[in-house]
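This report considers one predicted protein model together with its ligand. The sequence and structure are shown first, and the description follows.

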Amino acid sequence: MLDITIVAFAHHKGGTGKTTSCLNVAGYLQKDGKNVLVVDCDPQANATTGLGVNPEALELSMYDVFMTVFEGFPDVRISDVIVSTASGIDLAPATLDLVGVEPYLYGIEDRAGVLKEALDQVKDAYDFILIDTPPSMGQFVINGLVAADHTVVTLDPGTFALRGMEALSMVFGDVREMLGKDVATDFAILTRWKGSDDPAAGSGGLALFLKRIFSPASSAEEEKERERLKAFESEVRKVFKQVFTVPYSPAIYETQQQGLPISHYAPESGAGREYRAIATALLERDGKHDEDV
Ligand SMILES: Nc1ncnc2c1ncn2[C@@H]1O[C@H](COP(=O)(O)OP(=O)(O)OP(=O)(O)O)[C@@H](O)[C@H]1O
Ligand SMILES: [Mg+2]
């Protein structure tokens, strides 16, 4: 399989939905019959636990893959650390000791390309590799962006509380400076979104209608918030080629507890349908839609 697609999920702020989006997009791609690898590059190991794997029970992880580049550490290939999960998605798991890798990386020149080189070894085995990155602008995010063909930036309603698009442009500026290349602003996902006109989104629809009747004061505030988010949404649409809005959905938390993506647990939920659409957009972008499904 030569036409592999590698996607990094990134945003420097914590809790914007990177891991959730990575796992759920992976789930739909897997359901479409694709061979999918999720690479957990976050010491928090949320993608690992989110796929039902206990980091503490692992003998090898991405820590060993990164440390291979340093003298005195065993030669561990990424294929040695990959485990299969209940969903059918393969996982290159993370453990907390990944934290210890970053200081080492600063000591070598080609620190940004370690992950790319490791993934080159397993490219033939997968149709899609999805990389989950931590909330920082550190070496793991940089490694993810260097290895990826596409970047998915996840944004939540709180992302814009302080500096809005200004902060986002700054991140791209930083990356451009560090990598000497532009980050492809292909996809943005607005997660837990309540600003869309879609009546199914967030507290819209019937819930909002009832609030308007029974609690006009809080409804006015909510209306204001929705207006604010709508304005940001249109700003985001100017920057990214495709923007998706994933509504708040309690099913997301439940799926994570089950160690399964939403595609394998609650595909008909509002969030599930939107993640389905995102996976389809990725398939179409790379012309893989009807291929060997
Ligand atoms: N659409 C959604 N509906 C409801 N809850 C959601 C939704 N998307 C994400 N969440 C919840 O929001 C929290 C943060 O999501 P997630 O862990 O995916 O963010 P993250 O960007 O990976 O965080 P970190 O920066 O810490 O890695 C999680 O508890 C997740 O269950
Ligand atoms: Mg995460």
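## Helix α11 and its two faces

In this predicted model, the residues of α11 that count as buried are I252, T255 and Q256. These three lie on the same side of α11, because they cover an arc of only 100° around the axis. An α-helix has 3.6 residues a turn, so residues three or four places apart point the same way. The exposed residues P250, Y253 and Q257 are carried by the face of α11 turned away from the buried side.

Which elements do the buried residues of α11 pack against? They pack against α1, α2 (46-50) and α12 (270-285). After α11 comes G259, which has a positive phi, near 70°.

## Surroundings of ligand 1

Helix α11 (250-258) is also one of the elements that give two or more residues to the shell around ligand 1; the others are α1 (18-31) and β7 (187-193). There are 22 residues around the ligand, and G14, K18, T19, T20 and P135 come nearest.

By residue class, the shell around ligand 1 comprises twelve polar, seven nonpolar and three charged residues.

## The sheet

Eight strands make up an open sheet with mixed pairing, in the order β3-β4-β2-β5-β1-β6-β7-β8. At its edges are β3 (83-84) and β8 (242-247), each of which pairs on one side only.

Within this sheet, β1 (residues 5-10) and β6 (residues 150-155) run parallel and are joined by four bridges. One residue pair can be named here: A8 has T151 in β6 as its bridge partner.

## The nonpolar core

In soluble globular proteins, nonpolar side chains tend to be buried together. In this model, the largest nonpolar core has 71 residues. Those with the most contacts inside the core are V7, V25, A26, V38, M62, L130 and I131.

What does M62 contact, leaving aside its neighbours within four places in sequence? Its contacts are V39, D40, C41, V81, A92, P93, A94 and L98.

## The protein as a whole

The protein contains twelve helices and eight strands. It has 293 residues, of which 44% count as buried. Among contacts with a separation of 6 or more, 76% are between residues 24 or more positions apart.

Methods:
Residues are numbered from 1 along each chain as its sequence is written. Chains are lettered from A and ligands numbered from 1 in the order in which they are written. This is a predicted model: local features need pLDDT of at least 70, side-chain atom pairs count only at pLDDT 80 or more; totals for chains, interfaces and linings use all residues. A residue is near a molecule or strand if its C-beta atom, placed from the backbone, lies within 6 Å of it. Ala, Val, Leu, Ile, Met, Phe, Trp, Tyr, Cys and Pro count as nonpolar, Asp, Glu, Lys and Arg as charged, and the others, Gly among them, as polar. A residue is buried if 20 or more other C-beta atoms lie within 10 Å of its own, exposed if 12 or fewer, and partly exposed in between; C-beta atoms are placed from the backbone. The arc is that of the directions from the helix axis to the C-beta atoms. Two residues are in contact if their C-beta atoms, placed from the backbone, lie within 7 Å. A nonpolar core is a set of buried Ala, Val, Leu, Ile, Met, Phe, Trp, Tyr and Cys residues joined through C-beta atoms within 7 Å. Two strands pair if DSSP finds at least two bridges between them.
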